[in-house]
Amino acid sequence: MIEIKNLTKTYNYKKSNAFTALKDISLKIEDGEMLAIIGKSGAGKSTLLHIIGCIDTFEKGEYSIDDTDVHIA
């Protein structure tokens, strides 16, 4: 199971040109469940998938896979 609670991702965090790509996103995906992530260009779809795939980091929130905390330092 994948569970995300109140996840926030900001590019250029703590800089003058900071951009919040995801703000307080919560999501729960059960084992065996299939879903589609859809939205307009710039909505944060790729950013969310990069975080789920452990390719990118996030500043705030919780992310766990099978009840194991995931946070890339």
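Leaving aside its neighbours within four places in sequence, which residues is Glu3 in contact with? Keep that question open while you get your bearings.

**Before you click**

This is a predicted model, in which local features need pLDDT of at least 70, side-chain atom pairs count only at pLDDT 80 or more, and totals for chains, interfaces and linings use all residues. Residues are numbered from 1 along each chain as its sequence is written, and side-chain values use heavy atoms, with hydrogens and water left out.

**Stop 1: the whole chain**

Show the chain as a cartoon. It holds one helix and four strands. Helices (H or I, at least four residues) and strands (E, at least two) are DSSP runs, numbered from the N terminus. Trace the chain from the N terminus, and the elements run β-β-α-β-β.

Now switch to the C-alpha trace. Along its principal axes it spans about 40 × 30 × 20 Å. The radius of gyration of the chain is 12 Å, which agrees with the value near 11 Å for a compact globule with 73 residues. That radius is taken over C-alpha atoms, and the globule rule is 2.2 Å times the number of residues to the power 0.38.

Turn on the surface. The chain exposes about 5,200 Å², and carbon and sulfur atoms supply 52% of it. Accessible areas come from the Shrake-Rupley method with a 1.4 Å probe; for residues, only the protein chains shown count as cover. Of the 73 residues, 27% count as buried. Buried means under 20% relative accessible area, exposed means over 50%, and partly exposed lies in between (1.4 Å probe, protein chains only).

**Stop 2: Glu3**

Select Glu3. It sits in strand β1, residues 2-11. Here is the answer to the opening question: Glu3 is in contact with Leu27, Lys28, Glu62, Tyr63 and Ser64, leaving aside its neighbours within four places in sequence. Contact means heavy atoms within 4.5 Å. Is Glu3 buried or exposed? Glu3 counts as buried because its relative accessibility is 18%.

**Stop 3: the salt bridges**

How many salt bridges does a search of the whole structure find? It finds three. A salt bridge is a side-chain nitrogen of Lys or Arg within 4 Å of a carboxyl oxygen of Asp or Glu.

- Stay on Glu3 and add Lys5. Their side chains meet in a salt bridge, 3.8 Å from N to O. Lys5 is partly exposed, with a relative accessible area of 38%.
- Select Lys9 and Asp56. Their closest N and O atoms are 3.3 Å apart in a salt bridge. This pair links distant parts of the chain: Lys9 is in strand β1, and Asp56 is in the loop between α1 (45-52) and β3 (60-65), 47 residues apart. Lys9 counts as buried, at 6% relative accessibility. Asp56 is buried too, with a relative accessible area of 18%.
- Select Lys28 and Glu30. Their salt bridge has its closest N and O atoms 3.9 Å apart. Lys28 counts as partly exposed at 45% relative accessibility. Glu30 is partly exposed, with a relative accessible area of 40%.

**Stop 4: helix α1**

Select α1 and show its side chains. Which residues of α1 are buried? They are Thr47, Leu48, Ile51 and Ile52. They lie on the same side of α1, because they cover an arc of only 135° around the axis. The arc is that of the directions from the helix axis to the C-beta atoms. Add the strands, because what covers these buried residues includes β1, β2 and β3.

Next, click Leu49. It is found in helix α1. Leu49 is partly exposed, with a relative accessible area of 47%. Add Leu35 and Ile37. With Leu49 they form a nonpolar patch on the surface, with about 240 Å² of accessible area together. Patches are made of residues with over 30% relative accessible area and no salt bridge: like charges are joined within 9 Å, nonpolar side chains (Val, Leu, Ile, Met, Phe, Trp, Tyr) within 5 Å.

**Stop 5: positive phi angles**

Select Cys54. It follows α1, and its phi is positive, near 60°.

Go to Asn12, in the loop between β1 and β2 (19-29). Asn12 is not a glycine, yet it has a positive phi of about 55°. It counts as partly exposed, at 38% relative accessibility.

Finish at Asp67, in the loop between β3 and β4 (68-69). Asp67 has a positive phi of about 65°, although it is not a glycine. At 66% relative accessibility, Asp67 counts as exposed.
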